[in-house]
Amino acid sequence: MTLYRDEGVVLRTVRLGEADRIVTLATPGHGKVRAVAKGVRRTKSRIGARLEPLSHVTMLCWHGRELDVVTQSEVLGSPKSLRGDLDRLVPAMTMLEIVDQVAVERQPMPELFAMLVGALRTLATSESRLVLAGFCWKLLSVEGVAPVVAACARCGGPDPLVAFDPGEGGMLCRACRRGQAVAAETVDLVRRIVGGDLRRVLEEGPHDADSEVERLALLAVERHLERRLRTTRHLLEAGTAGV
Amino acid sequence: MTKEDAVRLARAIVEVKERTVLCSVCFNIGMGERCAICADERRDGSVVCVVEDPRDIVAVERTREFRGRYHVLGGALSPIDGIGPEQIRVRELLARLEPEHVAEVILCTNPNLEGEATAMYLARLLKPLGLHVTRIASGLPVGGDLEYADELTLGRALEGRREAAT
Ligand SMILES: [Zn+2]
Ligand SMILES: [Zn+2]
């Protein structure tokens, strides 16, 4: 067995026996890591608070055949404002769910990891509703399936683009339109996000098209993952639609 | 232990197991249709303490701070693991509110991320119904499990409960 050190963001934890947990983390150097953390369910355990979903930690682990074992961990960040506000927590949990789907064990992912840490940090302070959407659009680019937004995804024709279809891989012109109809502002916002202007988009305050941009981003990610996102389906409508 | 003792013990365990059922009101573990707490007329039915697991009831009862009734969700929200509101007993909780004249709901889920998410979700659901919705105070170590909290800490957390965040 060998020891290694890495950073990580905790994606999820499950109970193991009386007081232990299996912790799944996204790490830059080792991809998705599954590791046993001993004794963390006891309320007196100090390692427990560190290995909660959303925590950004450094850790020292033993490489195991099936599971690694966490021997030390220290918190780098665990934004309180995410935990105390459902409107921030749901997007944060959605990001964890997406990364859990795309991360691969033992496959380094420095770019995706940096994006996740940055997005969680932004989510903790930003008033914009587009942090999750921004994360999704940029993730698709990192995954090599950036949406086609510069011209019609089907015929290459120019503006106005009036629809979005994840199956076609992007925005569509009037002649080719299918899928979801979209507002001009939505096309503009997605263009700016994909084009590297996310920071300014987030600083601008609410846009009329924010919820549409978010909905399309989630649709596109679901198409890429080939599955529904459980977090948003279960919780995003909380309180507005009821159970 | 003699062989006869062992057989007797095994029979006793089987018997307890067979007689143990979930309370039809609060889903606590009990011996009959209603658990001992739901059957106790002296308990205050207007206050319901929502917990994740029957073992959490044992922990809260140890504090001797609480004289109301309980509701066991049977878990906490964890969408990434496929556990949404339909997988825990949210509907059953809503169905109890009117017939039992519930006025206050104390959200006593674990002080970890899933427990916090569950508490905020329930608060958002319950507050518009005009209920007083409170959350046990912090002071419980983050990331721990309620059932391992000592009764002093948990008692204080219950006493110091505050308006639930949504
Ligand atoms: Zn076209
Ligand atoms: Zn009962």
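## Strands and helices in chains A and B

Four bridges connect β5(B) with strand β6 (residues 132–135) of chain B, and the two strands run parallel. Helices (H or I, at least four residues) and strands (E, at least two) are DSSP runs numbered from the N terminus, and two strands pair if DSSP finds at least two bridges between them. Residues are numbered from 1 along each chain as its sequence is written, while chains are lettered from A and ligands numbered from 1 in the order in which they are written. Please keep in mind that this is a predicted model, where local features need pLDDT of at least 70, side-chain atom pairs count only at pLDDT 80 or more, and totals for chains, interfaces and linings use all residues.

**The sheet of chain B**

Let us stay with that first strand pair. B:E104 is found opposite B:H132 in β6(B). To get from β5(B) to β6(B), the chain passes through helix α5 (residues 113–126) of chain B, in a β-α-β crossover that is right-handed. Right-handed here has a plain geometric meaning: with the strands pointing away from the viewer, the path from the first strand over the helix to the second runs clockwise. B:I106 has B:T134 as its bridge partner in β6(B), and B:I106 of β5(B) also stands opposite B:C49.

That second link belongs to strand β3 (residues 44–51) of chain B, which pairs with strand β4 (residues 68–72) of chain B in the parallel sense over five bridges. Here B:D44 faces B:G68 in β4(B). Between these two strands comes helix α3 (residues 54–63) of chain B, and together β3(B), the helix and β4(B) make a right-handed β-α-β unit. On to β5 (residues 104–107) of chain B: β3(B) joins this strand through four bridges, and the two run parallel.

Put together, five strands of chain B form an open sheet in the order β4-β3-β5-β6-β7, with mixed pairing. Its edge strands are β4 and β7 (162–163) of chain B, each pairing on one side only. As a reminder, strands of a sheet pair through backbone hydrogen bonds, either parallel or antiparallel.

For the whole chain, the tally is six helices and seven strands, and the elements of chain B run α-β-β-α-β-α-β-α-β-α-β-α-β from the N terminus on. Of the 166 residues of chain B, 43% count as buried; a residue is buried if 20 or more other C-beta atoms lie within 10 Å of its own, exposed if 12 or fewer, and partly exposed in between, with C-beta atoms placed from the backbone. Among the contacts in chain B with a separation of 6 or more, 61% come from residues 24 or more positions apart. Two residues are in contact if their C-beta atoms, placed from the backbone, lie within 7 Å.

**Two helices of chain A**

The table sets out the spans of two helices of chain A; the expected span is 1.5 Å times one less than the number of residues.

| Helix | Residues in helix | End-to-end C-alpha distance | Expected span |
|---|---|---|---|
| α3(A) | 16 residues | 23 Å | 22 Å |
| α2(A) | 17 residues | 24 Å | 24 Å |

For α3 (residues 110–125) of chain A, the end-to-end distance agrees with the expected span. The buried residues of α3(A) are A:L112, A:F113, A:L116, A:A119, A:L120 and A:L123. They lie on the same side of α3(A) because they cover an arc of only 130 degrees around the axis, the arc being that of the directions from the helix axis to the C-beta atoms. An α-helix has 3.6 residues a turn, so residues three or four places apart point the same way. The face turned away from the buried side of α3(A) carries the exposed residues A:P110, A:A114 and A:T125.

What covers the buried residues of α3(A)? The cover includes β1 (3–16), β2, α1 (80–83), α2 (86–102) and α4 (131–142) of chain A. α2(A) is itself mostly covered, with 13 of its 17 residues buried.

**A strand residue and a second sheet**

A:T27 belongs to strand β2 (residues 20–27) of chain A. A:T27 counts as buried because 23 other C-beta atoms lie within 10 Å. Leaving aside neighbours within four places in sequence, A:T27 is in contact with A:D6, A:E7, A:G8, A:V33 and A:F113.

Elsewhere in chain A, three strands form an open sheet in the order β7-β6-β8, with antiparallel pairing. The edge strands are β7 (170–173) and β8 (180–181) of chain A, each pairing on one side only.
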